[in-house]
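Grab a pencil and work through these exercises with the structure on your screen. Try each task yourself before you peek at the solution.

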Amino acid sequence: MAKVKSKWICQECGYESSGYLGKCPECGSWGSLVEEVMYDAKMPNAAAQEFINNEKPALLKDIHIGEDVRLKTNISELDRILGGGFVQGSLVLLAGDPGIGKSTITLQTCGQLCKSGKKVLYVSAEESSSQIKIRAERLNIVSDNLYIYPQTNMENIKSQIEEISPDFVVIDSIQAIYSNLVASSAGSVSQIRECTNILMHIAKSKNITTVVIGHVTKDGNIAGPKVLEHMVDTVIYFEGDKYKSYRMLRSMKNRFGNTSEVGIFEMKSDGLHEVINPNELFLNERSRIAAPGSAIIVTNEGTRPLMVEIQALVGSTSYASPRRVTNGIDLSRLHQILAVLEKRVGLDFSKQDVYVNVMGGIDVDEPSADLGIALAIATCARDVVVDPQTVIIGEIGLSGEIYPVNNIEKRLNEAVISGFKKAIIPYGNNLPNSYEDLEIIKVKKIIDAIVSCVSAIKEA
Ligand code: TYD
Ligand code: MG
């Protein structure tokens, strides 16, 4: 008989203990340790590493890679964030909130891959075949080599993969499948870990590209342990505002490409469509009318610049300690920018609430947004406006000087395409006074940038 082992595993972080603990020593959450029973048939990792263990050392120059190591999906936004398509034999985790469109994008991907002659197996552990058929009709997917397999048992899935031998497998979702090797219920840490291990083993040994869909918890983490993220080759998050129609794909980990890329899609009645010019999406809501507290910046998300509007609201507080609220930027960044504005410009925020919002629901974590944020705050505090035809780019140092930013030409090109007339940029970027149709204002200090904005109003 197989040996039975039991462990107490934290459902939040994956910490393992041989006995019950009220509080997880790893992540500090209470009551999260649950007893999980494992049949010790094989060490979980041993299965996944078997194929590696049979290899012999080889000289790098003697290792040959096949012709088409990448599976192109022909969905250009997806291909781009993957670094040119799915790498064959890789295991990709696609995570996102319920209802964001994970099943939709994977089914569309399957449709595209089938069109280019690939054999695809879509394992649905949550929906029936007919439900998927309805969705496929809505998405206009017609294909002879797309297999739909409603199944939740990992061993059955494994034998079907071996029988059909597809090029591409989708598991929708990892939280709903279970392996006979583990006694705990589907969705528990050891089930997720075991099933991912088995899938990893199949993907690597048979060179089958596998996409695993994962749900995220309320606080935005992938349900299950962090180890899931460590085990897979690529982690893609699907995010966006449920109340707006566009969605963003962002790669958080990629063993075969860049991780700072974002792909933008719009959800329509017939599925997700790529957004080729995202600037229209983020700026068209704005009528380009001057308003205090608004500034346009160009962030560089991955290889593509994006124009976004920063809005700030400054008003006298009715609290003992004033409120600082951000949406889309880091709160500590706001504190730092406010400190610089107080010390180097002489603005006083000690009795003022400050709210900063990145419009369009995207997160900006690039330092080049500093100057735009600072100008939005400063102009709102003084009730003046930044010329709406101006883009603002620059990183702010603690002494108030503006530091140069990378990829400035790319950002300016984007501003030119979007019809802007003027750009306030760091002096240190060493650009001439005009760039194509843009008038360039170079600033050394934050105060220069504020003065140039205010003088622009006076001239106008
Ligand atoms: P779905 O892919 O089922 O989300 P997930 O798998 O991440 O839970 O997408 C569900 C939402 O997408 C649902 O609210 C309806 C919407 N939707 C459309 O707007 N158009 C479509 O063509 C499809 C298939 C779904
Ligand atoms: Mg789904």
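## Exercise 1: the eight-stranded sheet

In this predicted model, an open sheet of eight strands runs in the order S17-S18-S16-S15-S19-S22-S24-S23, with mixed pairing.

**Task.** Work out which strands stand at the edges of this sheet.

**Solution.** Look for strands with a single partner strand: these are S17 (324-327) and S23 (434-435), so one side of each has no neighbour in the sheet.

## Exercise 2: parallel or antiparallel?

**Task.** Start at S15 and find the sense in which S15 pairs with S19 and with S16. Then move on to S16 and S18.

**Solution.**
1. Here's a bit of background: strands of a sheet pair through backbone hydrogen bonds, in either a parallel or an antiparallel way.
2. S15 (residues 294-301) and S19 (residues 390-392) are parallel, with two bridges between them. Here Ile 297 has Ile 392 of S19 as its bridge partner.
3. S15 and S16 are antiparallel, and eight bridges link them. Check Ile 296: its bridge partner in S16 is Glu 309.
4. S16 and S18 are antiparallel too, joined by seven bridges. Leu 313 sits opposite Tyr 355 in S18.

## Exercise 3: helices on the sheet

**Task.** Find which strands H9 touches, then do the same for H11.

**Solution.**
1. Helix H9 (residues 331-345) packs on the sheet and touches S17 and S18 (352-358). The direction of H9 makes about 125° with that of S17.
2. Helix H11 (residues 408-417) also packs on the sheet, touching S15, S16 (304-316), S19, S22 (422-426), S23 and S24 (438-443). Its direction makes about 80° with that of S16.

## Exercise 4: one loop residue

**Task.** Is Asn 430 buried or exposed?

**Solution.**
1. Locate Asn 430 in the loop between S22 and S23.
2. The relative accessibility of Asn 430 is 64%, and exposed means over 50%. Asn 430 therefore counts as exposed.
3. For a distance check, go to Pro 404: it is 26 residues from Asn 430 along the chain, and their C-alpha atoms are 8.8 Å apart.

## Exercise 5: the nine-stranded sheet

**Task.** Go to the open sheet with the order S8-S7-S9-S10-S6-S11-S12-S13-S14 and find its edge strands.

**Solution.**
1. This sheet has nine strands and mixed pairing.
2. S8 (146-150) and S14 (271-274) are the edge strands, since each pairs on one side only.
3. From one strand to the next, the twist averages 25°.
4. Inside the order, S12 (residues 246-254) and S13 (residues 262-268) run antiparallel and share five bridges. Met 248 is opposite Ile 264 in S13.

How values were computed: Residues numbered from 1 in each chain as written. Chains lettered and ligands numbered in written order. Predicted model: local features only at pLDDT ≥ 70, side-chain atom pairs only at ≥ 80, totals over all residues. Heavy atoms only, no water. Pairing = 2+ DSSP bridges. Helix = DSSP H or I, 4+ residues; strand = E, 2+ residues; numbered from the N terminus. Contact = heavy atoms within 4.5 Å. Axes fitted to C-alpha atoms, helices over the stretch in contact; angles between N-to-C directions. Buried < 20%, exposed > 50% of the residue type's maximum accessible area, 1.4 Å probe, protein only.
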